[in-house]
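Student: I would like a close look at one part of this structure and its surroundings, at a slow pace. Could you explain each term when it comes up?

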Amino acid sequence: MKIICIGRNYAAHAAELGNEIQKDPVIFMKPDSAIFRQRDAFYIPDWTTDVHYELEVVIRINRLGKNIEPKFASKYYSDFTVGIDFTARDVQAELKNKGLPWEKAKGFDQSAVLGEFLSTSDYDLTNLNFQLKKNGELVQDGNTSLMLHPIAQIIEHTSKYFTLKIGDIIFTGTPEGVGPVSGGDVLEGYIEGKKVLHVKVK
Ligand code: ZN
């Protein structure tokens, strides 16, 4: 199973990090060992002092596919959730400055948190509200209609380079409002007001 992530998919988030918007989706990956499996809490690794949350809509691939046309993209996933793409922003900044790959900052253990999956048949993924609360306070408030590259285009573009397999996960990019976490924080993710994700930070 692989975890594909899309970067800079919301204009306001690209702007808050000072990044240019690209014509094609920005793609990076996390290894399957990044899946958050701790039941009790997310532990901030000792090699970073600036871990950020990024709440994103996540889809799960349910069919094998390659070179998928946008009009067929919705046939390749039937459930989705929100997830947190934990990012060691200090390490990422250092790597970006040197022009080096991001993996250490993005693909580390426990960095891919997944919420409870819901059926796509019950929601409109082209106009979906999703939110993150940190310690009860709203910090990210996104809507998928603001994606620069909609899900169909993400699937088309990624499947040109990488065969999509059953169980693969795609993080579709974060809206604005990313920020740091510290020990004791509680993060909660919502889809259309329904709480599907809860993680404690230690
Ligand atoms: Zn992200």
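Tutor: Let us begin with Gln92, which touches Thr87, Trp102, Ala105 and Lys106 when residues up to four places away in sequence are set aside, and here a contact means heavy atoms within 4.5 Å. What you see is a predicted model, in which local features need pLDDT of at least 70 and side-chain atom pairs count only at pLDDT 80 or more, while totals for chains, interfaces and linings use all residues. Residues are numbered from 1 along each chain as its sequence is written, and side-chain values use heavy atoms, with hydrogens and water left out.

Gln92 sits in helix α2, which covers residues 89-97; helices (H or I, at least four residues) and strands (E, at least two) are DSSP runs numbered from the N terminus. With a relative accessibility of 4%, Gln92 counts as buried, a word that stands for under 20% relative accessible area, whereas exposed stands for over 50% and partly exposed for what lies in between, using a 1.4 Å probe and protein chains only.

Helix α2 leads us to an enclosed space. Rolling a probe the size of a water molecule over the atoms shows where empty space is left. The search runs on a 1 Å grid over the protein atoms alone: a cavity is a set of points where a 1.4 Å probe fits but cannot get out, a pocket is an open set with protein on both sides within 12 Å along at least five of seven lines, and lining residues have an atom within 4 Å of a point. Grid points are joined across faces, edges and corners, and a volume is the space filled by probe spheres set on the points. Over the whole structure this search finds one cavity of 30 Å³ or more, and the volume of the largest cavity is about 120 Å³. It is lined by 18 residues, of which Gly7, Arg8, His13, Glu54 and Lys106 are the closest to its centre. Two elements, β1 and α2, give two or more residues to this lining, and α2 supplies the largest share, three residues. Sorted by class, the lining of the largest cavity holds four nonpolar, seven polar and seven charged residues; Ala, Val, Leu, Ile, Met, Phe, Trp, Tyr, Cys and Pro count as nonpolar, Asp, Glu, Lys and Arg as charged, and the others, Gly among them, as polar.

Glu54, one of the residues closest to the centre of that cavity, takes us on to the metal. The zinc ion is coordinated by Glu54 (OE), Glu56 (OE) and Asp85 (OD), at 1.9 to 2.1 Å; donors are N, O and S atoms within 2.8 Å of the metal (3.2 Å for Na, K and Ca), and water is not among the atoms, so sites may look incomplete. Along the chain, the donor residues follow the spacing E-x1-E-x28-D. Glu54 lies in the loop between β3 (51-53) and β4 (55-61) and Asp85 in strand β5 (residues 77-85), so this pair ties together parts that are 31 residues apart in sequence. Glu54 is buried, with a relative accessible area of 4%, and Asp85 is buried with a value of 0%.

The remaining donor named above, Glu56, belongs to strand β4 and counts as buried at 0% relative accessibility. Leaving out residues up to four places away in sequence, Glu56 touches several residues, including Asp85, Phe130, Thr172 and Gly173. The C-alpha atoms of Glu56 and Thr172 are separated by 6.0 Å, although these residues are 116 places apart along the chain. A polar atom of the Glu56 side chain lies 2.9 Å from the backbone nitrogen of Gly173.

Strands β4 and β5 lead to one more neighbour. In helix α4 (residues 151-161), Ile151, Ile154, Ile155, His157, Thr158 and Ser159 are buried, and what covers them includes β1 (3-7), β2 (26-30), β4, β5 and β11 (169-171). Ile151 is also one of the residues lining the second largest pocket, together with others such as Pro70, Tyr77 and Met147. The volume of that pocket is about 200 Å³, and its lining has eight nonpolar, four polar and no charged residues.

Definitions and conventions
A polar contact is a pair of N or O atoms within 3.5 Å; within protein, one must be able to donate a hydrogen and the other to accept it, and residues adjacent in sequence count only if both atoms are side-chain atoms.
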